[in-house]
Each structure stands twice: as structure tokens, then as C-alpha cells.
Amino acid sequence: MKPTNFTLRPYQQTFVDNLSVALRDHRRVIACAATGSGKTKMFIEVARRAVKNGRAVVIISETTKIFDQIINEAGGHEIANGKKHVHIKGGELYIAMAQTLTRRPLIIQQLAALEFPPLIIVDEAHIGTPSNIIRRLIEASNPYILGFTATPDARVAKHLPELYNSCVVCCQVDELIQQGFLCGYQHLARTKADTDILELRNGEYTEQSQNAAFSTSAVYDGIFEDLRSTSFTKCMIFVASIKHAREMNQRLQEQGFASVEYHSQLENSSYELAKFTELNLANICVSVASLTKGFDCPSVDLVILNRATTSLPLYLQMIGRGSRPVWSANGTPLKTHFRVLDYGGNWERHGLYFEDREWDKMWEITKRGKKGEGVAPVALCPSCESIIPASVRICPYCDHERPLTEKELEQGELVEVTSHYTNLVDKRISELSPVELAIYAKMKKKQPFAARVARAQEQVRQGFLDAFTAAMGYKPSWADHQRKMIGATPIDFADIQLR
């Protein structure tokens, strides 16, 4: 295994340490790491530690892009590209394509026969390709399994609660946005598609009904108008079928747009994608699903969802293609925000991209709830059609002030919190007063993080905890309980700048 040539960020180091403890206690663990958190570097570090301790480690990849990245950064023995046999032994790293390893029963037998149980690291663990491999290994030798994914949603990936015993969450999308590792975004609703005609089959909308809903003249005209009126560097348009991708690309080119299509049935697919990513011959890429994972093009600043989906992971993966920031050579931010145009009403089903989600519970809940259940309330700005948190009255994109509903008039505290939050923007967490920290906690639903900050501030500013408790409306006993958690060691926290 090559020596690592990167340094983990503090939150990455903490996550890796937590995973080591979880593997010891639970043996088969889901590692939930948001897109942009650096999961590849984190599982390479986990692998490095295990190899150093004499354990055989197999990293299973779903995509050739991630496979190549791991080989370049970590080295290791390849199980891919038609390789028939590899000798497995302790203290070595093996990098396998999921599809190849599935067809190599002798390699799986070697793993099962190791006296020192191996560590199997599964990238994109929500995808079920290597599930049968893991089942066979569990039955034969009970190895250590670490499944990395940004979206451990058991309603879609029903194999997760079967194969894993626990879930450790690294960080939420909003935390990475606040720290500048991901971009903020604007989500705009589009209503030109007739989503009432969509038909469900096996839990997802059918390709036929999606083609009927999203291939109308009204939808095409709306997209063409948006592309002409919206400033963007590069745009990705996601559709539900190859047939629709071909038609969309043809229509775009007829309208004078520089576009390409990318899907599994395309000849010269690498060249077509290079037109978009490297050659700058096209600034629009129409895709079905093959670019929703393992694809990184930071210059994408416009994402169009010209489809509907019931899958939260797919929804987040599509939006995530625009989430990477762009920096100049001297460190100046060139891209800090991106836009999503949602023609499929997906925001109503799944909420906003940067919402905190209870992944530590969702990985084992296999039943779907009612539409929108578990989604933080959002609202549509009647002026610019941006989707904003329901608690925000003044649209941050057009400054339109939404009138209060009767229910909001009854919830005076929430309205007050919203109006005061704008005064906190650009401040660092460490600069907030107890009252301001409470406003942040209520507005962003960051109560556990804010409690940690309050405990840390109490170590240097006596009385901070009592003031924060009062501002939150908690009972005094809550502060007493928090004090019991304060030791002599300084409590650290991510001192983010509010955005």
C-alpha cells in the first residue's frame, strides 16, 4: 500500500476514529459521509490502519472513476479488468470492482478462509451489487464490513438493515456548506409538467409515464426559456430514460445549444463526456443515471431535474453534481452557489438538499411513510418560485416578504427567530451570545451542536450555559445535566462562519 500523501481534516480524523470504535463494537457498520466530505480519503485511511495491523483489506468500488482514484492514491492489488486470480494474504490491500469480484468465487473463498478476518470496505453501500458477496462472507467467516454511503436510506436500499448492525454519521451537508467545502444553492420550482399522469411501479415512476409527462412542448419550451434567461457555466439535465435523453439532446441542438448526451447505450461515450468536462465543446450534458455517482465536474452550476423520483438518494445525488465549489489559484472563490430547476416537484417529496436528515435512523427503516413525511417544511416563494424553508418569511433570493399564515401568527417565537437570524450571517459560532446561539439552534435545527458549543463556552465564560438554557426555553435542570458533561479537557467544536 502506498504511503498516503494527504492530511485528514479534523472532522475526518474524528470520523475515522469513531469508525474504528464502531467496527470493534458492531463489526458491520455503515459509514455515512455526505458528498464532498472526502469519503475516499477517509476509507483509504481506515484501510491503511487495518493493513498496518496485519489485516487483509478489500475495497469494493462501483465505478471505474473511484476505482482508478483509489489505485492512484493507495495502490494495492487490482481485482478488475478481467483479472482471473489473486492470492489473498494478510497485511495487503486489494481494490476490486464489484462486478468483477461477484464473478470470482475462488477469491471469495480465500477471503472466507483467512484466519485473521478481513476488512471489507464497500463504496456506495446503498447500491446492492456486492450484497451476495457480503452475505456469503458473513456466513463463512463473519468479516468486518464497512459500508460507505452518503445516503443510507433503507426505504430504497432494503439490504442495509440486513447486512449492517450500526450506522455512524460523519457530517451533514449544511455543515460542509457552512465550512466552505460545498456550495449553497437556490432551488426553483417549475410547474409545466403534468405530474398527475405519473404512474408508480415497484416503488418508482415508470419511464413511459415520465416520457409522457416531461416530453411535452410546454416542458421543452420552459427549459429552453430557462437556459436562455439563466446565467450558467455548465448545466446538467437529468431525465428518466435513454429515449428521453436522446430526444432532449436533439431538441437542444436544434435550438442552437451546445449539448451532449451521456448514457449506457452511447458509442464513444468517453469522448462525448469529454466535450462537456474538458474540451469545452458543450456546456450542457443530458444524462439518465450514470453520472449521479462517481462523477465530479465542479464547474456545473445549474442542475435541471426534468424527471420525478421517489428515491431520496437519487434526488440528492442528482443535485449534488452542482455542489462542488471552485477556487482560483490564489484561493479566491469563483463559485459559491448553484441553482436547481425542478420540473418534477421533487422538492415536495424530499425537501431541500441541505436539510439535516436522521441517517442514523433511516438506515434501518424500510417502510415508506406518507408523501413528505419526515421532510422539513418548505414553502414556494410566490415571487421568484424559489423553494425556501417554511420558517423564512423574506425570500433570500428576491427579498419578497411572504405574508404570515394564521398558524404562523400563533407561532410568534418562530417568526421572531427568523427575523433575527439575518443579523447573525457572517458571524462565527464562537462570537455568538447565548441568545444568538439559541436563535441559530432553533432556526437551523442544530440543538445538539449548539449544546456542545454552550458547554465549551461555559468552560471560558461562566454563566453562558444558564443564559443559553433560558434563551432556549429549557428548564434549569437541563443546564445542570450539561454541566455534568463538562470535564477539564477543553471541548472543541467546528467554529463555522454562518451563511
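Biologist: Among contacts in the protein chain between residues at least 6 apart in sequence, what percentage join residues at least 24 apart?

Modeller: The model is a predicted one. Contact here means heavy atoms within 4.5 Å. Counting contacts between residues at least 6 apart in sequence, the share that joins residues at least 24 apart is 72%.

Biologist: How many helices and strands does the protein chain have?

Modeller: Helices are runs of at least four residues and strands of at least two. On that basis the secondary structure comes to 21 helices and 19 strands.

Biologist: What is the radius of gyration of the protein chain, set against the globule rule?

Modeller: For 499 residues the globule rule gives 23 Å. The value for the chain is close to that, so the chain is as compact as a globular protein of that length. The C-alpha trace spans about 70 × 70 × 50 Å along its principal axes. The radius of gyration itself is 24 Å.

Biologist: What percentage of the residues in the protein chain is buried?

Modeller: A residue is buried when its relative accessible area is under 20%. The chain exposes about 23,000 Å², with 49% of it supplied by carbon and sulfur atoms. Of the 499 residues, the buried part is 52%.

Biologist: Which residues touch the most other members of the largest nonpolar core?

Modeller: This core has 102 residues. Those that touch the most other members are Ile121, Leu146 and Tyr164.

Biologist: Which helix gives the most to the largest nonpolar core?

Modeller: That core counts 102 residues. The helix giving the most to it spans residues 39–52 and supplies 7 residues: α2.

Biologist: Which residues does Ile121 touch, not counting those up to four places away in sequence?

Modeller: Ile121 belongs to the largest nonpolar core. Its contacts, with residues up to four places away in sequence set aside, are Phe43, Val46, Ala47, Val57, Val58, Ile59, Ile60, Leu146 and Phe148.

Biologist: Is His87 buried or exposed?

Modeller: His87 sits in the loop between β3 (77–79) and β4 (93–97). Beyond its neighbours within four places in sequence, His87 is in contact with Tyr94 and Gln110. Its relative accessibility is 57%, so His87 counts as exposed.

Biologist: Which residues make the nonpolar surface patch of about 300 Å²?

Modeller: One of its members lies in the loop between α12 (269–277) and β13 (284–287), namely Leu281. The full set making the patch is Tyr271, Leu279 and Leu281.

Conventions:
Residues numbered from 1 in each chain as written. Predicted model: local features only at pLDDT ≥ 70, side-chain atom pairs only at ≥ 80, totals over all residues. Heavy atoms only, no water. Patch = residues over 30% accessible without salt bridge, like charges linked within 9 Å, V, L, I, M, F, W, Y side chains within 5 Å. Areas by Shrake-Rupley, 256 points an atom, 1.4 Å probe, with all protein chains shown as cover. Salt bridge = Lys/Arg side-chain N within 4 Å of Asp/Glu carboxyl O. Core = buried A, V, L, I, M, F, W, Y, C linked by side-chain atoms within 4.5 Å. Buried < 20%, exposed > 50% of the residue type's maximum accessible area, 1.4 Å probe, protein only. Rg over C-alpha atoms; globule rule 2.2 N^0.38 Å.
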